[in-house]
Structure formats: C-alpha cells, structure tokens
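The following exercises concern helix packing and salt bridges. Please examine the sequence and the structure before attempting them.

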Amino acid sequence: MAMTMSDGLQLIRFPKGISGYIPPPGFAPRLFRVMTRCEGVSQFKEIISKSDREELQLMVLLLTSDSDYFTEVVRNIYGSRPVKLLGISDDMDAFFCAAILRRFFHIITDKYASYVAIRAMLVFDQKKYVMYEHLLHHALDIARNQYGCIALNEVITDADDPFYRNLLLDLVARNSLCLSNDPSGNFAVQHVLTLYDLRCTHNVAVSLRGHCIDLSFKKYGSYIVEKLLDTEESMDVVVTELLECEGGRLMTLARNEFGSFVVVKALRVTREINRVDLFRGLVQKLMPFRQLLLRSHGSNIANMLESTI
C-alpha cells in the first residue's frame with residue numbers, strides 16, 4: 001500500500017536508545033527499513049514523489065539529527081538513498097552537511113557512506129567548501145585508507161573548484177613518498193599521475209627523486225615509476241637515477257619481477273623520443289649483464305640490448 005511521509009510519521013515510536021538496526025527516538029521504524037533494505041527502493045521513491053517540501057524537510061531532519069543513527073544508515077549497503085534528497089533546498093542541505101561533517105572521516109572512508117559525502121560535495125553550493133577543508137585536513141589519513149583513497153581520487157577527478165583541486169593535487173604530490181610506500185596511498189599517487197597535470201607530475205617527481213629505484217623493486221611502486229616515465233620532464237628524473245646507480249644494483253633491478261618493467265619502459269621511451277644520450281647511457285650500463293639478463297625477468301631487456309649491437 002502507498003505510504004506518504006504523513007503515514008510514516010504516524011508510525012513513530014520512542015524506543016529507549018539505539019541498538020543494531022533499531023532507529024533512534026523520533027524516527028519511524030518502517031521508514032528506517034525503507035532507507036536500509038533492498039525491498040524499500042520502491043517505497044522510498046513513492047514517499048519522495050508524494051511528500052511536499054515541508055514533509056521532506058522533516059524527514060531529513062529526523063534522518064540527520066542523531067549522528068550515530070545517520071552514520072548507521074549511510075554505511076548500509078542500501079543507505080545511499082538519502083542522496084536523492086540532496087540539493088532540494090538549502091535547509092535540507094544544511095542538515096545533511098552538518099551530519100556528514102560530524103562524522104566526516106568515518107563517512108568518507110566507508111565503502112558505501114563515502115558515496116553520500118562525494119555526491120554532497122558535487123551538489124552543495126557554498127557548503128562544499130567546508131567539506132573541502134575537512135577533506136584537506138584529513139587527506140593523508142583518508143588516502144591511506146582502503147576506501148578513503150578511492151573517495152579521494154573521485155573527489156580530485158570531479159572537483160569543479162580549481163583552487164581546492166590544486167590544493168589536493170599539491171598535498172598528494174608533496175607527500176608522494178610516504179603515500180607511494182603505503183598499500184592504499186600509492187593508488188592516490190598513481191591517480192594524480194594519470195591526470196597528466198604537468199605541475200603535479202613535476203612535484204611528484206621532485207618528491208620521489210632519489211627513491212625511484214627503491215620503489216621500482218615493489219609492485220605498486222614500480223607502477224608509479226612507470227607512470228613518471230610517461231612525461232619527458234619526470235622521465236629525466238627516473239632515467240638519471242638509473243644511470244647514476246651502481247651497475248650491479250641496476251642489474252639486480254633489471255632482473256627483478258617488477259623492476260624489469262621499469263627498465264624496459266625506460267629503454268623504450270628514451271629510444272622513442274630520440275633521447276639518444278639517455279638511451280645509449282642505459283644500453284652501455286646494462287650491456288655487460290646481457291647474458292645474466294637472458295636467464296631472468298630481464299630477458300626482454302636482453303633482447304633490446306641485442307638489437308642495438
């Protein structure tokens with residue numbers, strides 16, 4: 001049977017406290033189920049379509065007035081439904097903004113709740129700047145979180161304010177060494193490099209100068225170094241480090257399961273863009289180890305060296 005907001009309000013009970021999926025005082029149990037269960041989709045749409053603005057505002061107020069309860073709803077796999085209520089009015093957005101900010105870190109680093117926060121930052125007008133400030137304040141911890149790094153990357157990609165977007169890019173670039181060595185943070189560094197923002201790429205390269213070889217021995221670190229090879233200026237940083245390292249260490253890197261991909265790409269890129277000085281320098285440094293490379297992950301490197309003879 002169809003249920004309007006008024007019908008829902010008639011079901012309000014006042015239980016003692018919050019436990020599990022029991023809604024807080026002042027919120028209808030039936031509405032709670034509508035917000036957090038798969039079968040509530042059609043009911044939620046019906047409530048939205050049949051309620052006037054005043055009823056929707058009351059619904060948002062009840063949803064957001066208790067921080068623990070709001071967080072419980074949006075962290076549910078079906079709890080992203082409140083996003084349909086974003087952007088309807090300034091008053092409702094103010095309720096949502098306050099609720100998100102009270103539990104910002106827990107929401108932005110949650111697999112499901114983060115969607116609500118990201119969507120709010122796109123929909124809100126002036127209120128999104130307060131959220132940007134919270135994001136900047138917690139950015140490093142967010143980037144080092146399994147789901148937080150995904151949310152951060154989405155915000156960086158979709159941010160429509162160039163000032164805050166650049167602040168986020170600068171923050172990732174400035175901290176790219178510690179992030180590159182983190183299981184989740186490395187994805188933030190990889191992401192900003194795929195945006196091909198030359199200033200950001202330069203700043204990442206500067207931060208990682210002297211650490212490219214160490215990173216190349218690691219799975220995700222090697223992905224970052226390979227991306228640095230995509231831009232000529234940052235490529236110089238990587239190749240210079242390869243040329244300056246001791247020959248035996250370069251050989252070890254070239255035989256490594258991850259490092260070999262970095263060395264192959266360095267050879268290929270320097271040849272393709274006709275940086276003869278760098279290409280010949282790498283060839284000369286690697287040539288004494290050609291036979292050793294044939295019997296390892298460096299076989300492709302050995303073949304490239306063979307082609308220069």
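The exercises below refer to this predicted model, and each is followed by a worked solution.

**Exercise 1.** Determine how helix H9 and helix H10 pack, and which residues make the contact.

*Solution.*
Step 1. Helix H9 comprises residues 127-143 and helix H10 residues 148-158. Their axes lie 9 Å apart, at an angle of about 135°.
Step 2. Angles over 145 degrees would count as roughly antiparallel, and 65 to 115 as roughly perpendicular. The arrangement of H9 relative to H10 is therefore oblique.
Step 3. The crossing of H9 and H10 is left-handed.
Step 4. H9 contributes Tyr132, Leu135, Ala139, Ile142 and Ala143 to the contact, while H10 contributes Gly148, Cys149, Leu152 and Val155.
Step 5. Sorted by class, the contact of H9 with H10 contains eight nonpolar residues, one polar residue and no charged residues.

**Exercise 2.** Locate the salt bridge of aspartate 230 with lysine 265 and state which parts of the chain the pair ties together.

*Solution.*
Step 1. Side chains of opposite charge can pair when their charged atoms come close.
Step 2. Between aspartate 230 and lysine 265, the closest N and O atoms are 2.7 Å apart. The cut-off for a salt bridge is 4 Å, so this pair qualifies.
Step 3. Aspartate 230 belongs to the loop between helix H16 and helix H17, and lysine 265 to helix H19, so the salt bridge ties together parts that are 35 residues apart in sequence.
Step 4. Lysine 265 is buried, at 12% relative accessible area, whereas aspartate 230 is partly exposed, at 38%.

**Exercise 3.** Describe the salt bridge between arginine 275 and aspartate 236.

*Solution.*
Step 1. The closest N and O atoms of arginine 275 and aspartate 236 are 3.0 Å apart.
Step 2. Arginine 275 is in the loop between H19 and helix H20, and aspartate 236 is in helix H17; the pair thus links distant parts of the chain, 39 residues apart.
Step 3. Arginine 275 has a relative accessibility of 19%; because buried means under 20%, this residue counts as buried. Aspartate 236, at 25%, is partly exposed.

**Exercise 4.** How far apart in helix H19 are glutamate 272 and arginine 268, and which network do salt bridges with shared partners form?

*Solution.*
Step 1. Glutamate 272 and arginine 268 form a salt bridge with the closest N and O atoms 3.6 Å apart.
Step 2. The two residues are four positions apart in helix H19, which means a separation of about one helical turn.
Step 3. Glutamate 272 is exposed, at 55% relative accessibility, and arginine 268 is partly exposed, at 33%.
Step 4. Elsewhere, shared partners join Glu232, Asp236, Arg275 and Asp277 into one network of salt bridges.

Conventions: Residues are numbered from 1 along each chain as its sequence is written. This is a predicted model: local features need pLDDT of at least 70, side-chain atom pairs count only at pLDDT 80 or more; totals for chains, interfaces and linings use all residues. Side-chain values use heavy atoms; hydrogens and water are left out. Axes are lines fitted to C-alpha atoms, for helices over the stretch in contact, and angles run from 0 to 180 degrees between N-to-C directions. Angles under 35 degrees count as roughly parallel, over 145 as roughly antiparallel, 65 to 115 as roughly perpendicular and the rest as oblique. A crossing is left-handed if the near helix is turned anticlockwise from the far one by less than a right angle, and right-handed if clockwise. Contact means heavy atoms within 4.5 Å. Ala, Val, Leu, Ile, Met, Phe, Trp, Tyr, Cys and Pro count as nonpolar, Asp, Glu, Lys and Arg as charged, and the others, Gly among them, as polar. A salt bridge is a side-chain nitrogen of Lys or Arg within 4 Å of a carboxyl oxygen of Asp or Glu. Buried means under 20% relative accessible area, exposed over 50%, partly exposed in between (1.4 Å probe, protein chains only).
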